[in-house]
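Trainee: Could you take me through one part of this protein up close? I'd like to look at the nonpolar core and what sits around it.

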Amino acid sequence: MNTYVRYPIALKRDTKKLVHPFEVENGLNCNCYCPECDENLIAINKEKNKQIDHFRHQRDTKCTGSYETYIHWLSKEIFKEIDAIKLPEIRFKNLYENYLDKFKDFETRLYNLYSKYYVPKEFRQTYKYDFLIQEKSTFKIDKSYDEKTFKTDKGDYRADIVAEYKNNKILIEPYYSNPIDSIKYNKIVNSNITTLSIDLKPFVGMNNFIYTIEDFKNFITSDINSKFWIFIRKEKVKNLTEKFFYKLENKIKENVTVFKKHKSIKDKISLIENEKNDLFIEMEKLRDKVQILISKTKKEKKELKDLETDYYKRFK
Ligand SMILES: [Zn+2]
């Protein structure tokens, strides 16, 4: 299978730099290798070639790598060459779904806030609040490592990429088809380091396996839509939680008249319902009365008929 995989970028053996096929000599003279199996790659780059320039393994390769391992490796290499990445925004939903159960007082605080402003229970579906609590931002990188091992109470794990700026660090987990599993997730939670994942599939799909180092660098640096928060460290979540409560209280204050209106409509409905129910009872009673009257007239009519019949019998 690997014989046929086309790699748009490879690593040069002497300089350890990423190169395009058009920057190197043709064939095995390109002096490039596969990071997975360490075999020499062939550069396909002759001008008269009908196929698009690329690198590939030799026909008798023993390589067990795949396109997935390649793009994963390439993303780690790219991190060695960039000095910042754009981070996606954080919405309250991101926090609520993943972390807030870890703050015991959250529900109590919420309950107290709702009670203070008489928020109707219909407006207490907290999970529906989709606040933006942190804008998109840029994370500068002054140091980065790949495949760094972290010790946690749940066991060691290897982070794909660690990006650092001064005392801040984030872990970056690029993936092609398999996002991180729950075992790794639990270890990340235990290590309490902010972690971002990058879905590489949209990039590869959009570029149909043909792209330059710059293209991939731009994607890793600037694309927001393929980046997802996996975990945000507890101290930061606490901070964001305060922002959430501040925003929520302001929104609640702005909507006090809505709550009042909601209550007055509900009161009105319950009044109407009560009146309707009383009338129903009344109606049932009347129905019974009518039934009694109907049977009474039946009885009287029968007596009348009998009387008439009897009268004529007397003339026989
Ligand atoms: Zn290989």
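Mentor: Let's start with the core and then move outwards. This is a predicted model, where local features need pLDDT of at least 70, side-chain atom pairs count only at pLDDT 80 or more, and totals for chains, interfaces and linings use all residues. Residues are numbered from 1 along each chain as its sequence is written.

The largest nonpolar core has 42 residues, and A10, C32, L41, F55 and I172 touch the most other members. Such a core is a set of buried Ala, Val, Leu, Ile, Met, Phe, Trp, Tyr and Cys residues joined through C-beta atoms within 7 Å; buried means 20 or more other C-beta atoms within 10 Å, exposed 12 or fewer, and partly exposed in between, with C-beta atoms placed from the backbone. Helix α1 (residues 67-79) gives the most to this core, five residues. Helices are DSSP runs of H or I, at least four residues, and strands are runs of E, at least two, numbered from the N terminus. Because domain 1 (2-65) and domain 2 (84-256) both contribute residues, the core lies between them. Those bounds come from an automatic or database domain assignment.

Now zoom in on I172: leaving aside neighbours within four places in sequence, I172 is in contact (C-beta atoms, placed from the backbone, within 7 Å) with D160, I161, A163, L196 and I198.

For another setting, try C37, in the loop between β3 (32-33) and β4 (42-44). C37 counts as partly exposed because it has 15 C-beta neighbours inside 10 Å. Not counting residues up to four places away in sequence, C37 touches T61, K62, C63 and G65.

Notes: Contact = placed C-beta atoms within 7 Å.
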